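Here is a friendly walk through one protein model, from its strands to its cysteines. Please keep the viewer open as you read.

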Amino acid sequence: MTDKLDIFEYLEKTLAERIMFLDGAMGTMVQRLKLQEEDFRGEEFKNHSKDLRGNNDLLTLTKPEAIYDIHRLYLEAGSDMVETNTFSSTSIAQLDYALENYAYRLNKEGAALAKRACKDVTEATGIRRFVCGAIGPTNRTASISPSVENPAFRNVTFDELVTAYAEQVRGLLDGGADILLVETIFDTLNAKAAVFAIDLVMDEDNRPKVPVFISGTIVDQSGRTLSGQTGEAFVTSLNHANPVAFGLNCALGAPQMKPFIQNISRFTDAHIICYPNAGLPNAMGEYDESPAQMAKNVEPFAQEGLVTIVGGCCGTTPDHIKAVADVCRKYKPRPKPAKNSDVMILSGLEVLTVNETTGFVNVGERCNVAGSRKFCRHILKGEYEEALAIARSQVENGAQVVDCNFDEGLLDGHAAMSRFLNLLASDPDCARVPLMVDSSKFSVIEAGLKCAQGKCIVNSISLKEGEEDFIRKAKIIKRFGAAVVVMAFDETGQAAEKDRKVEICTRSYNILVNKVGFNPYDIIFDPNILTIATGMEEHNNYG
């Protein structure tokens, strides 16, 4: 039905002309069916060892026509795109039902069902419809400890999330998904694992790229995700995925969500997707907002030019989507801003913009075992809470970035980096600023990046081991969405004179920008000005 190569073009053209519409809640429609345990089991899972009621994704296999009908109802109500019934179809989420081995199949068949509905309605109406492969957050968090007693503990690793998401992405694409929708993001590190997996799958399988939509969840009026990021920091952390659309869904009704959509709309040059709940839940956890009331609440989003894609989340039905579409259809979509990437933007829980007005950026170096004997002693003794107090003190005293380095012969650098960054993530005073992940061992840098939900700086890489090694490391850093410090080293050694420094930095820049696709503003050069004031005659002209 749709050639993947022209979906980008079709979306850009259509979103410049009109607002497009996403579907509403799958769960709300499934609840209306009043299904029992035997309905979820079907014949195939008749003797399964665990209760399956409530595993809505399984209905793709056991009640496929019911799921097809829900997709079709949304499409006939005016949805341009429908989400696959795969919100929880990762091996991690399905583990609760002992169905982790069915993850790939759930995604492939879920996408195929939605594709069939889109094909049928496209043929009936002449309007193209698209399948959004729904990628949910899983039921685990990479940035938050489930244990109050041990804030550095995690019940899932970045690598485990990448493996699970890669399997889900392959299933969705093999089933015919046109778009990948990473949604309901309450922990940005989980979403970073999802977009990492998407990039990995495209690269490893040599697949054509598909549009990616990214939608976060602001949990309350604080304007932050569950893992503590502001909307702007959330966008900054995931901007490297180059999504077609950024936005918000779930947790809030339209009136509560509006100021946060305004913030994101001002902050990104991507399209804006928004699909709020049908109001806030009542005391019974149900949603009372009528289609007419929801349409009235969503209309200002379109009227004020804030959005390009609108849909519904919890509590919404085809009637809600029809009412919203009928009201919003007459308004022009948000004009897409010009591409804006001419500054360095970093993030912890909050954003740090580095531009011509910023001046010097203060990097706190005291969480570096080579830069602070006190910090080193605490880490070697396993006194991580005391070490964290040093990070907190630096931020309180004006550090805009915190450098973390664990290159010490007596330390397991990987374990120390992971433990400290996990602990740091639990302290909002420390975690609000971006991190500089610092090590001479690239594997330790990777370990650090796997623990940071914000956009970090990697310190550092160089051409010392050759161009191939430099490109390999740069591609990994880009996949994590980090900025990078580049040292003026190459295969023949450290640059000492000005011309050599310029030569190496120029070569590094050209490789990063032209071969790896790095944003030029995410590159920081370290031209080696350390060998000054040494008292050695040969260093008199250095620096």
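Helices (H or I, at least four residues) and strands (E, at least two) are DSSP runs, numbered from the N terminus. Two strands pair if DSSP finds at least two bridges between them. This is a predicted model, in which local features need pLDDT of at least 70 and side-chain atom pairs count only at pLDDT 80 or more, while totals for chains, interfaces and linings use all residues. Residues are numbered from 1 along each chain as its sequence is written, and side-chain values use heavy atoms, with hydrogens and water left out.

**A buried strand**

Let us begin with β12 (residues 401-405). Buried means under 20% relative accessible area, exposed over 50%, and partly exposed in between (1.4 Å probe, protein chains only). Five of the five residues of β12 are buried, so the strand is largely enclosed by the rest of the structure. In a regular strand the side chains alternate between the two faces of the sheet. In β12, V401, D403 and N405 point one way, V402 and C404 point the other way, and all are buried.

Which strands pair with β12? Strand β11 (residues 363-368) does so in the parallel sense over four bridges, and β13 (residues 435-438) also runs parallel to β12, joined by four bridges. If you want to find these pairings on screen, N368 has N405 of β12 as its bridge partner, and V402 stands opposite L435 in β13.

**The eight-stranded sheet**

Elsewhere, an open sheet of eight strands follows the order β1-β8-β7-β6-β5-β4-β3-β2, with parallel pairing. Its edge strands, β1 (20-21) and β2 (81-83), each pair on one side only. Within this sheet, β7 (residues 271-277) and β8 (residues 309-310) pair in the parallel sense over two bridges, and I273 has I309 of β8 as its bridge partner. Helix α11 (residues 254-267) lies across β6 (245-253) and β7, running at about 160° to β6. That angle is taken between N-to-C directions on a scale from 0 to 180 degrees, with axes as lines fitted to C-alpha atoms, for helices over the stretch in contact.

**A buried tyrosine**

Y74 is found in helix α5 (residues 64-76) and is buried, with a relative accessible area of 1%. Contact means heavy atoms within 4.5 Å. Leaving aside residues up to four places away in sequence, Y74 touches D23, G24, A25, M29, S79, V82, T316, T317, P318 and I321. The C-alpha atoms of Y74 and A117 are separated by 9.8 Å, and these residues are 43 apart along the chain.

**Cysteines**

How many disulfides does the structure hold? There are zero disulfides, a disulfide being a pair of cysteine sulfur atoms within 2.5 Å. Two of the cysteines are set out here.

| Cysteine | Nearest cysteine sulfur | Relative accessibility |
|---|---|---|
| C132 | C118, 8.5 Å | 0%, buried |
| C313 | C250, 3.9 Å | 13%, buried |

**The chain as a whole**

The chain contains 20 helices and 18 strands. Of its 543 residues, 56% count as buried. Among contacts with a separation of 6 or more, residues 24 or more positions apart account for 76%. The C-alpha atoms fill a box of roughly 85 × 50 × 40 Å, taken along the principal axes.
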